[in-house]
Amino acid sequence: MSYTDEVYDRVVAQNPGEPEFHQAVKEVLDSLKVVIDANEEKYRSLSILERLVEPERIISFRVPWVDDKGVVQVNKGYRVQFNSAIGPYKGGLRFHPSVNQSILKFLGFEQIFKNSLTGLPIGGGKGGSNFDPKGKSDREVMAFCQSFMTELSKYIGADRDVPAGDIGVGGREIGYLYGQYKRNRDLYEGVLTGKGLTWGGSLVRTQATGYGVVYILNEMMKAHNDEIAGKTAIVTGSGNVAIYAVEKITQFGATVVAMCDSNGYIYDPNGIKLDVVKQIKEVERGRIKEYADRVEGAEYHEGVGIWNIKCDIYLPCATQNELGLDAVKTLVANGTKYIAEGANMPTTMEATEYVQANGVIFMPGKAANAGGVATSALEMSQNSMRLSWTAEEVDEKLHGIMVNIFKKVDEASTRYGMKDNYVVGANIAGFEKVVDAMMAQGIV
């Protein structure tokens, strides 16, 4: 049995009931097999893979808070500090009923390689809670965030662990979390990213993940003698990543014809009117179905099936495992040529293998959606230097980072004889930097 297979079997045995984590580890280890096999004796002697797949620390805690009816509620809180070989832990906080240890370990593990690809000195981590901010009043969200941060503040810091937002954690939540951190620690430091512009936030951070997906898509298409202009695109989701992916890909000349949320999807053959989507989702916190009531010619379809619409480019920007085998078979049959992941692991392993085997050019999330964490790291830099860059400066740096990520991924896949396999390229390029640091720092 190969070293990678041994380690994967160990992960499954020691982490029962954690399918998302198992999936993430298998996808990475399968991609790394060619590198591991070439260096097996050295890596075995140092137990590199055993250390890589085991978080340095997992913090789990209860979060009691009082709702507007005076009833005491209790949620679970987590922080997975996965790997700090190249810098302080960096990764988002997710507030959603689906949050559990398996999902956070999968996200934290992915974050190691994503952060490495940015070229910036940040390690991998993730955290969150099964708290659902939907339908809660501002006071209830504040009460929860203050209780959550009272415990979390013991384990984070500007040079130790710097959380950011994720699903369910936007500007409102980051504000409440930061205020409580400041109260508890009596420190005004860059401990959270995604902060408001008046108190340490960075311009372009809101747009960064969505913009970054399109920047790397553009590089990928140029490498195949193609361009975004004139193409038809579908962007799944209607949150932060999706909205700004639509904004940027439209600027590049594509027509986005469909978006969705957890209830259903909209189809607008004339091109999605982003100002309407922003009003519904960012201002009113409404459902995407309202778009069809406001835009003539638009259709709303309840449930899943957005992939049945023909497109050249498909950007899954909603959540993990949203794009399965049957869906990608339909995309391939309808002529989709490019997929770039805006969400974290939105495509199942079977679906990924199918599109790669059927001529679709595929960019995995650890490369494609790294723009968000990259700009978070730029926010950390600005906080450390006590200054703010202009939007143009940040956007230029973000664009440069995404171009460099594509170059690293493309070079790694080519070097190991798997040109255009960007899944393998992203994992190898991310792994090589982390493993060099791990070996240099001894058995820790």
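**Helix 5 and two positive phi values**

Tutor: Helix 5 bends by about 25 degrees at Q111. This is a predicted model.

Student: What makes about 25 degrees the bend at Q111?

Tutor: The bend is the angle between axes fitted to the seven residues ending there and the seven starting there. At Q111 in helix 5 that angle is about 25 degrees.

Student: How do you know that the span of helix 5 is close to the expected one?

Tutor: Helix 5 covers residues 101–117, which is 17 residues. Its first and last C-alpha atoms are 25 Å apart, against the 24 Å expected at 1.5 Å a residue.

Student: Why is helix 5 called largely enclosed?

Tutor: Buried means under 20% relative accessible area. In helix 5, 16 of the 17 residues are buried, so the rest of the structure largely encloses it.

Student: What makes N100 a cap of helix 5?

Tutor: A polar contact needs a pair of N or O atoms within 3.5 Å. A side-chain oxygen of N100 lies 3.1 Å from the backbone nitrogen of S102, and N100 thereby caps the N-terminal end. Just after helix 5, G119 has a positive phi of about 80 degrees.

Student: Why is D186 called exposed?

Tutor: Exposed means over 50%. D186 has 68% relative accessibility, so it counts as exposed. It sits in the loop between helix 7 and helix 8.

Student: What is the phi of N225?

Tutor: Near 55 degrees, a positive value in a residue other than glycine. Most residues other than glycine have a negative phi. N225 lies in the loop between helix 8 and strand 6, and its 77% relative accessibility makes it exposed.

Key:
Residues numbered from 1 in each chain as written. Predicted model: local features only at pLDDT ≥ 70, side-chain atom pairs only at ≥ 80, totals over all residues. Heavy atoms only, no water. Helix = DSSP H or I, 4+ residues; strand = E, 2+ residues; numbered from the N terminus. Expected span 1.5 Å × (residues − 1). Buried < 20%, exposed > 50% of the residue type's maximum accessible area, 1.4 Å probe, protein only. Polar contact = N/O pair within 3.5 Å; in protein donor to acceptor, adjacent residues only side chain to side chain.
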